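Below are some notes for a colleague who is opening this structure for the first time. Please read them with the model in view.

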Amino acid sequence: RRATPNASIDERAPGAGLRLKGNEAMKCGDFALAQALYGEALDAAREEDAHLRAVVFCNRALAFHKMNEYDAALCDAKCAEELAPTWSKPKHRLAEACLRLGSYTLAVTYARLGEKLQFEEGDFSKSFRDVLDEIAICAAEDGSVAGFDGKLIYVRSAGEDAWLGREAPLNAAFDELEGEVADP
């Protein structure tokens with residue numbers, strides 16, 4: 001089990017307090033304030049505090065993502081990845097940003113890399129499964145097979161009912177609704 005950068009932050013380091021204030025702003029839904037506080041934390045942080053800087057870049061990437069600023073989120077996630085290349089969270093931020101920017105193949109690549117790192121960290125939460133499903137659905141809706149990376153393609157999950165010979169539940173994302181005609 002490998003430790004993540006969060007575990008090794010010295011909370012007395014310059015910028016650490018601003019990171020915590022940014023986290024509080026995120027919890028309150030004030031993403032612009034959080035982004036500004038994270039920026040101040042980065043300005044205050046020392047170059048040698050790579051783990052602190054990686055966490056702050058990753059947090060600010062999420063703030064940008066919440067404000068629909070996906071290019072900025074991608075940039076900050078890249079910085080976090082460079083500072084902590086064996087940490088899974090920047091890969092998650094990168095996958096989400098690439099997804100929103102329509103770079104589905106790259107999003108899948110980051111998600112698969114992050115999935116492997118997450119396992120090495122001892123985290124078995126499968127948080128990458130949701131982003132991989134979302135990539136597959138968005139890519140398919142855009143007419144791309146980029147969400148299909150040779151391992152699994154999302155069609156729909158009907159749960160146990162699928163094995164009991166019953167009809168799967170209606171899913172408007174994939175099924176035609178009654179009375180609607182598909183495009184010829």
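**Notes on a pocket and two residues**

1. In this predicted model, the second largest pocket has a lining of 13 residues, and those that lie nearest its centre are Ser88, Lys89, Gln118, Glu121 and Asp123. Two or more residues of that lining are given by helix 5 (88-100) and by helix 7 (127-141), and helix 5 supplies the largest share, which comes to 3 residues.

2. The space in the second largest pocket is about 180 Å³. When its lining is sorted by class, there are 6 polar and 5 charged residues, together with 2 nonpolar ones.

3. Ser8 is found in the segment before helix 1 (16-27), and the side chain of Ser8 makes a polar contact of 2.4 Å with the side chain of His51. These two residues are 43 residues apart along the chain, while their C-alpha atoms are separated by 7.0 Å.

4. Is Ser8 buried or exposed? Neither word applies, because its relative accessible area is 42%, a value between the 20% under which a residue is called buried and the 50% over which it is called exposed, so Ser8 is described as partly exposed.

5. Arg53 belongs to helix 3, which covers residues 50-66. With a relative accessible area of 14%, Arg53 falls under the 20% cut-off and therefore counts as buried. If its neighbours within four places in sequence are left aside, Arg53 is in contact with Leu42, Ala45, Arg46, Glu47 and Leu83.

How values were computed
Residues are numbered from 1 along each chain as its sequence is written. This is a predicted model: local features need pLDDT of at least 70, side-chain atom pairs count only at pLDDT 80 or more; totals for chains, interfaces and linings use all residues. Side-chain values use heavy atoms; hydrogens and water are left out. On a 1 Å grid over the protein atoms alone, a cavity is a set of points where a 1.4 Å probe fits but cannot get out, and a pocket is an open set with protein on both sides within 12 Å along at least five of seven lines; lining residues have an atom within 4 Å of a point. Grid points are joined across faces, edges and corners, and a volume is the space filled by probe spheres set on the points. Helices (H or I, at least four residues) and strands (E, at least two) are DSSP runs, numbered from the N terminus. Ala, Val, Leu, Ile, Met, Phe, Trp, Tyr, Cys and Pro count as nonpolar, Asp, Glu, Lys and Arg as charged, and the others, Gly among them, as polar. Buried means under 20% relative accessible area, exposed over 50%, partly exposed in between (1.4 Å probe, protein chains only). A polar contact is a pair of N or O atoms within 3.5 Å; within protein, one must be able to donate a hydrogen and the other to accept it, and residues adjacent in sequence count only if both atoms are side-chain atoms. Contact means heavy atoms within 4.5 Å.
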